[in-house]
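Subject: Structure for your review

Hello,

Here is the structure I said I would pass on. Please have it open while you read the notes underneath.

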Amino acid sequence: AGGKVTVDQIDGLSRSAYPLCMRQLHTALKENHHLKHGGRLQYGLFLKGIGLSLEEALIFWRAEFTKLMDVDKFDKQYAYNIRHNYGKEGKRADYTPYSCMKIIMSNPQDLEIIMELIDVLFKLIFTGCPFRHTDADLLRQRLAAYRVPKKGADEIMEFVKESHYQLACTRYYELTHGVTASSAINHPNQYFDESRQSLQ
Ligand code: SF4
């Protein structure tokens, strides 16, 4: 796990140190002031992994969600799940952030089938691994928006075509950091930690 991270650092970190899967979830949350259950789980556990405390996590999610709903509704319907991620509710298990394999093998459509199918039509899927679950044209657009040069984007798309999603992610890391990765990416939190170390 990373060091201590506070709410006010998150936006900056999402641009500098997040893997694409988490950056996509963060952007979707900021734009829609909401994320569905699967996304809250994937992103929430990642945030825990980078060192966001439960108190800070509640502030973070509440600030976004209450742009669309009142605090009371947030506290009743959503705060429980956030405490749950931190092992403070239910079985009190210490949930660990998802690995790439788990994210890549997940099927975002399984979660909330009807809603998700509508989202697929409108290309609104944010959960999962973008190298595995995002439509190729949209992925290309996103890489361009995040300033990955065309030649680099071609290399990434080549890995994607061969179903080497984690290698695609590793190449994305290298291109956006201007360094060679010390090992292939196999966990979003490993990506984050590598990114932080590369800046030190
Ligand atoms: Fe995220 Fe892993 Fe996919 Fe990279 S390979 S985008 S870290 S799930």
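The notes below go from the whole chain to two helix pairs and one residue.

Overall. This is a predicted model. The chain holds 14 helices and zero strands, so the pattern read along the sequence is helix after helix, as the DSSP runs give it. Of its 200 residues, 46% count as buried. Taking contacts between residues at least 6 apart in sequence, 60% join residues at least 24 apart.

Helices α2 and α4. Two packed helices are described by the angle between their axes and the distance between the axes. For α2 (residues 20-32) and α4 (residues 54-65), the axes come within 8 Å and cross at roughly 45°. That angle is neither under 35 degrees nor in the range 65 to 115, and α2 and α4 are therefore oblique to each other. On the α2 side the contact is made by His26, Leu29 and Lys30, and on the α4 side by Phe60, Trp61, Glu64 and Phe65. Sorted by class, the residues of this contact are four nonpolar, one polar and two charged.

Histidine 26. Is this residue of helix α2 buried or exposed? Histidine 26 has a relative accessible area of 3%, and the limit for buried is under 20%, so histidine 26 is buried. Apart from neighbours within four places in sequence, histidine 26 is in contact with Ile10, Asp11, Ser14, Tyr18, Tyr43 and Phe60. Phe60 also appears in the list of α4 residues that make the contact with α2.

Helices α13 and α14. The axes of α13 (residues 165-177) and α14 (residues 188-199) come within 12 Å, with a crossing angle of roughly 20°. Angles under 35 degrees count as roughly parallel, which is why α13 and α14 are described that way. Their crossing is right-handed. From α13, the contact uses Cys169, Tyr172, Tyr173, Thr176 and His177; from α14, Tyr191, Glu194, Ser195 and Ser198. These residues divide into four nonpolar, four polar and one charged.

Helix α13 by itself. With 13 residues, α13 reaches 18 Å from its first C-alpha to its last, close to the 18 Å expected at 1.5 Å a residue. Its buried residues are Tyr165, Ala168, Cys169, Thr170, Tyr172, Tyr173, Glu174 and His177. An α-helix has 3.6 residues a turn, so residues three or four places apart point the same way. After α13 comes glycine 178, with a positive phi near 65°.

Regards

Technical notes: Residues are numbered from 1 along each chain as its sequence is written. This is a predicted model: local features need pLDDT of at least 70, side-chain atom pairs count only at pLDDT 80 or more; totals for chains, interfaces and linings use all residues. Side-chain values use heavy atoms; hydrogens and water are left out. Axes are lines fitted to C-alpha atoms, for helices over the stretch in contact, and angles run from 0 to 180 degrees between N-to-C directions. Helices (H or I, at least four residues) and strands (E, at least two) are DSSP runs, numbered from the N terminus. Angles under 35 degrees count as roughly parallel, over 145 as roughly antiparallel, 65 to 115 as roughly perpendicular and the rest as oblique. A crossing is left-handed if the near helix is turned anticlockwise from the far one by less than a right angle, and right-handed if clockwise. Contact means heavy atoms within 4.5 Å. Ala, Val, Leu, Ile, Met, Phe, Trp, Tyr, Cys and Pro count as nonpolar, Asp, Glu, Lys and Arg as charged, and the others, Gly among them, as polar. The expected span of a helix is 1.5 Å times one less than its number of residues. Buried means under 20% relative accessible area, exposed over 50%, partly exposed in between (1.4 Å probe, protein chains only).
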